[in-house]
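Visitor: I would like to know how the descriptive terms for this model are justified. Please show it first.

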Amino acid sequence: MWNLLWPMLLVVGSNTIYNICAKSTPTHLNSFAALTINYVVAAALSLALYYLMPGGEKHLLQEISKANWAPVVMGLSVVGLELGNIFIYRAGWKISVASLVANLALACILVVVGVLLYREVLTVRQVLGMGACVVGILLISR
């Protein structure tokens, strides 16, 4: 059970802190300077954890050579995600609404992605859930 729970707690906790930070980013700070700070800190922490975590010999260049397109595109998408969040809050969205609307829309899109790209089965329950998400978006964003 803990193997299922701790990653979800990490995502929810990190996302909570992330949204607080995105909303708290000073408006007079250039957005790309803010992202640069974010990524320098993230890169330093990732590199430190790479070497500190157990797991045999550490050959970073060898590991990098094993990568496919996914980490590169993920890096690009993270820039879009973070920049979008900064601009969402600068545009005046409330922290209690913006993340919820974005995540409900994302949930609906990922159901379609799951069906189209990963051949997941679309159930009536999922369709009803997507409908509830759309209704929720309409209700909360008014």
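Visitor: Which residues make up the largest nonpolar core?

Guide: In this predicted model, the largest nonpolar core has 6 residues, namely V97, V101, L104, C108, C133 and I137. Helices α5 (95–118) and α6 (124–140) each supply at least two residues of this core, and the largest share, 4 residues, comes from α5.

Visitor: What does I137 touch, leaving out residues up to four places away in sequence?

Guide: With those left out, I137 touches V101, L104 and A105. Of these partners, V101 and L104 are listed in the core together with I137.

Visitor: Why are α1 and α4 called oblique to each other?

Guide: The axes of α1 (residues 2–24) and α4 (residues 69–90) cross at roughly 55 degrees. Roughly parallel requires an angle under 35 degrees, and roughly perpendicular requires 65 to 115. The crossing angle fits neither range, so the two helices are oblique. Their axes come within 8 Å, and the crossing is right-handed.

Visitor: Which residues make the contact between α1 and α4?

Guide: From α1 there are Y18, N19, A22 and K23, and from α4 there are L81, E82, N85, I86 and Y89. By type, the residues of this contact divide into 5 nonpolar, 2 polar and 2 charged.

Visitor: Why does N85 count as buried?

Guide: N85, in helix α4, has a relative accessibility of 10%. Buried means under 20%, so N85 counts as buried. Not counting residues up to four places away in sequence, N85 touches Y18, N19 and A22.

Notes. Residues are numbered from 1 along each chain as its sequence is written. This is a predicted model: local features need pLDDT of at least 70, side-chain atom pairs count only at pLDDT 80 or more; totals for chains, interfaces and linings use all residues. Side-chain values use heavy atoms; hydrogens and water are left out. Axes are lines fitted to C-alpha atoms, for helices over the stretch in contact, and angles run from 0 to 180 degrees between N-to-C directions. Angles under 35 degrees count as roughly parallel, over 145 as roughly antiparallel, 65 to 115 as roughly perpendicular and the rest as oblique. A crossing is left-handed if the near helix is turned anticlockwise from the far one by less than a right angle, and right-handed if clockwise. Contact means heavy atoms within 4.5 Å. Ala, Val, Leu, Ile, Met, Phe, Trp, Tyr, Cys and Pro count as nonpolar, Asp, Glu, Lys and Arg as charged, and the others, Gly among them, as polar. A nonpolar core is a set of buried Ala, Val, Leu, Ile, Met, Phe, Trp, Tyr and Cys residues joined through side-chain atoms within 4.5 Å. Buried means under 20% relative accessible area, exposed over 50%, partly exposed in between (1.4 Å probe, protein chains only).
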